[in-house]
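Please open the structure in your viewer and keep the selection tool at hand, since each stop on this tour begins with something to select.

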Amino acid sequence: MTDIIRLLPDSVANQIAAGEVVQRPASAVKELLENTIDAGATEIKLIIKESGKLLIQVIDNGCGMSERDARMCFERHATSKIAKADDLLAIRTLGFRGEALASIASIAQVDLKSKRNEDEIGTSILIEGTEFKGQFPVNCQNGTSVTVKNLFFNVPARRNFLKSNTLELKYIIEEFFRITLVNPDIAFTFYNQDKILYQLPPGNLKQRIIKLYGPAYSQRLIPVEQQTPLVNIAGFIGKPEFAKKTRGEQFFFTNGRFMKSPYLHHAVENAFKELIPDDSVPSYFIYMEVDPQTIDVNIHPTKTEINFQDIKSIYAILHAAVKQSIGKFNISPTLDFEAEQSMNIPQFPDNYPIKQPTITINPNYNPFEKRIEPQTKFTFSPKPAPSAQGWQDFYAPVPANAEKLEFPKTDRELDGLKNQQLADETFSERKRSFQVANSYIVTHTHSGVIVIDQQHAHERILYERMLQKSEVNDMAGQHQLIPQTITLSPDNAQFLLEWMDYFTELGFEINAFGKGSFVVQAIPMNMETANIGVFIESVLESLKSPGKENKMNQSLTLAKTLAKKLSIKRGKRLHQQEIDSMIENLFACMIPDTSPDGKPTMVIQSFEELNRKLKI
Ligand code: ADP
Ligand code: MG
């Protein structure tokens, strides 16, 4: 038998690669824009026609290319950005695989013009489906212009696969946003069908967001900032009241690269917990800088995931940073837990020895070969130095003896640990709790003094109890009555019928008798039995009041309304036993630090802070 294996011609290999790199016009736009950034351009124009299917042109004033480079750049694996495997570990440029131009040129008609500052004359290269069509000297500006015409002209199957112009344009705009949001100091102009779609002057990040999303955003953004040895975080979050139902204004960038991370998304979302309706998502523009050696650089060209070595710590830092910003801008309670603070501001002692990451490299790893899983495994081990207590202590609100603990996976676990610790501390000193001004409960832990607002605290306790009941459908939480008949106005009667399921879920048993009459057979525990009719009517009235609450899960809304109505109010004197059980029940809650409305239930003053204030 004759040998049957042969090398693929370049044109075929490039087309195969193009399938990965360029799936649609938007991917070509992304690659071309990234090249301009890597080339150090300060002014970039993007011109498209027919959503990029007919024409994509990107013009920059970057470093330009020599005559040889202009020819070379279309070769597969031709890149100026890395020379050896080691360089991969310190990648700061967006591209590095040297595949984009080769891929684009294999499936389109490309005209490249480029000139370096130091050259008198530029070079123009024409190439079509990998086939070299010509090279000419041209008179052109410093920088590079790449014109890509008739994308997929030679791969009809892929061309047919493209979506409508509207959708393809949407994808392009998405890529444009991802690039422009991370380069606010660069001027961009985006022409679609000869009209300017976006004109972005250089500016700061906030100005860039406003230019992209409109002037209304100037009132909507809250800055986020946190610097730690592991990660520096900067950027903006949207105020909770502007949270949207649609995803799309959520951006993470790591070392100048757009990234998707459901895990870190959760960290941000969690920080907004109970501040925005369940079906809404917060906006955020978050920029993280990490040591390039602590992220996986073997990124697939079209993939937007990044592997971090210590994602859990980054989760905790990000969550704390966002929460802190929300608190600082007084739109939510600041969580003044001492434990929370040590999580919020992971200040390292001056002499804290930061351990250098250790890296093991597989010298045989070739990032350009397909189907080879990245074998470059980092063994970054932020082992605590004997003098320090380890990373957990800096980031996680866990007791000092918790080094053996697994780092909590979820926020809930974090909260759980925090509450447990606080509760443990609180009970040991329980006897010393007392009420002040018939409104506040004062108690203390080993680490500070706590002042609790009895009304907010009780709202929280009732709210969580009701939700628990609805989860387990615990009928024991009901209070059976001698049936009471109530009569409601026609519209309230109708309204109650609409909400009946949720009332039932929370422990009510109400039967309709027609003509606005209802018989109440049972009510949730803790509810006073006098004036049930008036009470239900007042609950219905509150439910009617418009506002974002009504968009929330209805059973949460009802539980919240009931908790507010039923709670012990400020001004009510409490007995010692009530004080103690209030504290105990509050710290048994999932989220003891805020009322169901997101208002603080307590203020904690750490002894440390007291000492500082008292100049002790
Ligand atoms: P990569 O970006 O991965 O290196 P590309 O195929 O995108 O690969 O580009 C190949 C090379 O061409 C780059 O490394 C760079 O040297 C050069 N190049 C591409 N676009 C430009 C540009 N707009 N300005 C200057 N040089 C460019
Ligand atoms: Mg590139």
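Select T79 together with ligand 1, and you will find a polar side-chain atom of T79 lying 2.6 Å from an oxygen atom of the ligand; keep in mind that you are looking at a predicted model. Next, add L101, where a backbone N or O atom lies 2.8 Å from an oxygen atom of ligand 1. Then add T144, which places a polar side-chain atom 3.2 Å from a nitrogen atom of ligand 1. With these contacts displayed, consider the surface of the ligand as well: on its own, ligand 1 has 530 Å² of accessible area, and the protein covers 92% of it.

Now widen the selection to the 19 residues around ligand 1, of which N35, T79, S80, K81 and G98 come nearest. If you colour this shell by class, it shows 8 nonpolar, 7 polar and 4 charged residues.

For the next stop, select helix 2, which runs over residues 25-38. Its 14 residues, at 1.5 Å a residue, should span 20 Å, and the C-alpha atoms at its ends are indeed 20 Å apart, so the expected and the modelled span agree. Is this helix enclosed or open? Because 12 of its 14 residues are buried, helix 2 is largely enclosed by the rest of the structure. You can check this by selecting some of the buried residues of helix 2, among them P25, V29, L32, L33 and I37.

Finally, move to G40, which follows helix 2 and has a positive phi, near 75°.

Technical notes:
Residues are numbered from 1 along each chain as its sequence is written. Chains are lettered from A and ligands numbered from 1 in the order in which they are written. This is a predicted model: local features need pLDDT of at least 70, side-chain atom pairs count only at pLDDT 80 or more; totals for chains, interfaces and linings use all residues. Side-chain values use heavy atoms; hydrogens and water are left out. A residue is near a molecule or strand if one of its heavy atoms lies within 4 Å of it. A polar contact is a pair of N or O atoms within 3.5 Å; within protein, one must be able to donate a hydrogen and the other to accept it, and residues adjacent in sequence count only if both atoms are side-chain atoms. Accessible areas come from the Shrake-Rupley method with a 1.4 Å probe; for residues, only the protein chains shown count as cover. Ala, Val, Leu, Ile, Met, Phe, Trp, Tyr, Cys and Pro count as nonpolar, Asp, Glu, Lys and Arg as charged, and the others, Gly among them, as polar. Helices (H or I, at least four residues) and strands (E, at least two) are DSSP runs, numbered from the N terminus. The expected span of a helix is 1.5 Å times one less than its number of residues. Buried means under 20% relative accessible area, exposed over 50%, partly exposed in between (1.4 Å probe, protein chains only).
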